[in-house]
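Thanks for making the time this morning. I would like to take you through one structure, going from the overall fold to the core and then to the ligand, and I will try to keep to what the coordinates support.

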Amino acid sequence: MEIRTPQSQQEWDAYYDLRYRILRAPWNQPRGSERNEQDAIAIHLACFESGKILGVARLDTESDDFAQVRFMAVDDTAQGKGIGKKIMLAAEQNARMLGYNRIMLQARENAIPFYLSLGYTQKEKTHLLFGEIQHWRMEKEI
Ligand SMILES: CC(C)(COP(=O)(O)OP(=O)(O)OC[C@H]1O[C@@H](n2cnc3c(N)ncnc32)[C@H](O)[C@@H]1OP(=O)(O)O)[C@@H](O)C(=O)NCCC(=O)NCCS
């Protein structure tokens with residue numbers, strides 16, 4: 001298992017496809033809705049096993065105060081095996097190397113226990129995505 005940024009076009013296609021399948025398709029969102037303009041400047045992390053991408057996340061570094069993790073997703077056949085945790089630890093390591101001492105994220109309600117297990121603190125309730133997915137702000141000192 002290896003965590004790194006996708007390189008070839010095929011790897012980038014697999015990266016965005018996983019994001020789409022896990023974070024957009026179940027809510028009937030169109031292809032393309034899994035991307036936004038900050039993809040061009042963010043740090044992208046993917047977990048590779050036997051050439052296949054099983055998990056992804058993006059680290060945004062636009063703020064001076066904190067780094068932000070977005071688009072965290074693990075293939076539904078590979079959840080609960082520690083892949084999400086490995087990617088989050090890699091994101092934290094990247095953030096620390098860039099001089100950050102805090103990470104924030106907008107957690108889907110279903111993922112709150114996952115982030116709590118990694119030491120994140122649940123802050124305030126934030127937005128409702130697609131009319132049904134409640135998000136909560138969470139933070140961690142790293
Ligand atoms: C949430 C998600 C990213 C977690 O990744 P994962 O690979 O399944 O999680 P891991 O196996 O690395 O779990 C790490 C820890 O979190 C805990 N955890 C994960 N999901 C949990 C849950 N639903 N309830 C309780 N604990 C949970 C695990 O028990 C584990 O704890 P441990 O280290 O003490 O054993 C993944 O399940 C996923 O992609 N879900 C759907 C998309 C989503 O909701 N993404 C988050 C958007 S904010």
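I will begin with the chain as a whole and then move inward.

Please keep in mind throughout that this is a predicted model. The protein chain has 3 helices and 7 strands, and if you follow the sequence from start to end, these elements come in the order β-α-β-β-β-α-β-α-β-β. In overall dimensions, the C-alpha atoms occupy a box of roughly 35 × 35 × 30 Å along the principal axes. The radius of gyration is 14 Å, which agrees with the value near 14 Å that a compact globule of 142 residues would have. Of those 142 residues, 23% count as buried. As for how the chain folds back on itself, among contacts with a separation of 6 or more, 53% are between residues 24 or more positions apart.

Let me turn to the strands at the start of the chain. Strands β1 and β2 run antiparallel and are joined by 3 bridges, and one pairing you can look for is Ile-3 with its bridge partner Cys-47 in β2. Strand β2 also runs antiparallel to β3, in this case with 7 bridges between them, including the one that pairs Ile-43 with Leu-59 in β3. The connection between β2 and β3 is a hairpin with 2 residues between the strands, and Ser-50 in that turn has a positive phi of about 50°.

Two positions in this part of the chain deserve a moment. Is Lys-52, for instance, buried or exposed? Lys-52 lies in strand β3, and because there are 12 other C-beta atoms within 10 Å, Lys-52 is exposed. From Lys-52 to Arg-35 the C-alpha distance is 20 Å, with 17 residues of sequence separating the two. Ser-8, which sits in the loop between β1 and α1, also counts as exposed, because Ser-8 has 8 C-beta neighbours inside 10 Å. The C-alpha atoms of Ser-8 and Cys-47 are separated by 15 Å, and the two residues are 39 apart along the chain.

Now to the interior. In soluble globular proteins, nonpolar side chains tend to be buried together. Here the largest nonpolar core has 28 residues, and Val-56, Ala-57, Val-69 and Ala-91 have the most contacts inside it. Two or more residues of this core come from each of α1, β2, β3, β4, α2 and β5, with β4 giving the largest share, 6 residues. If you want one residue from which to look around, I would suggest Ala-57: beyond its neighbours within four places in sequence, Ala-57 is in contact with Leu-45, Val-69, Phe-71, Met-72, Ile-87 and Ala-91.

That leaves the ligand. Which residues come nearest to the ligand? There are 19 residues around the ligand, and those that come nearest are Gln-79, Gly-84, Lys-85, Pro-113 and Phe-114. Sorted by class, the shell is made up of 10 nonpolar, 6 polar and 3 charged residues. At least two residues of the shell are supplied by each of α1 (9-23), β4 (67-74), α2 (83-97), β5 (102-108) and α3 (112-117). Of these elements, α1, β4, α2 and β5 also give two or more residues each to the nonpolar core.

I will stop there and take questions.

Note on methods
Residues numbered from 1 in each chain as written. Predicted model: local features only at pLDDT ≥ 70, side-chain atom pairs only at ≥ 80, totals over all residues. Near = placed C-beta within 6 Å. Helix = DSSP H or I, 4+ residues; strand = E, 2+ residues; numbered from the N terminus. Nonpolar A, V, L, I, M, F, W, Y, C, P; charged D, E, K, R; others polar. Core = buried A, V, L, I, M, F, W, Y, C linked by C-beta atoms within 7 Å. Buried ≥ 20, exposed ≤ 12 C-beta atoms within 10 Å, placed from the backbone. Contact = placed C-beta atoms within 7 Å. Rg over C-alpha atoms; globule rule 2.2 N^0.38 Å. Pairing = 2+ DSSP bridges.
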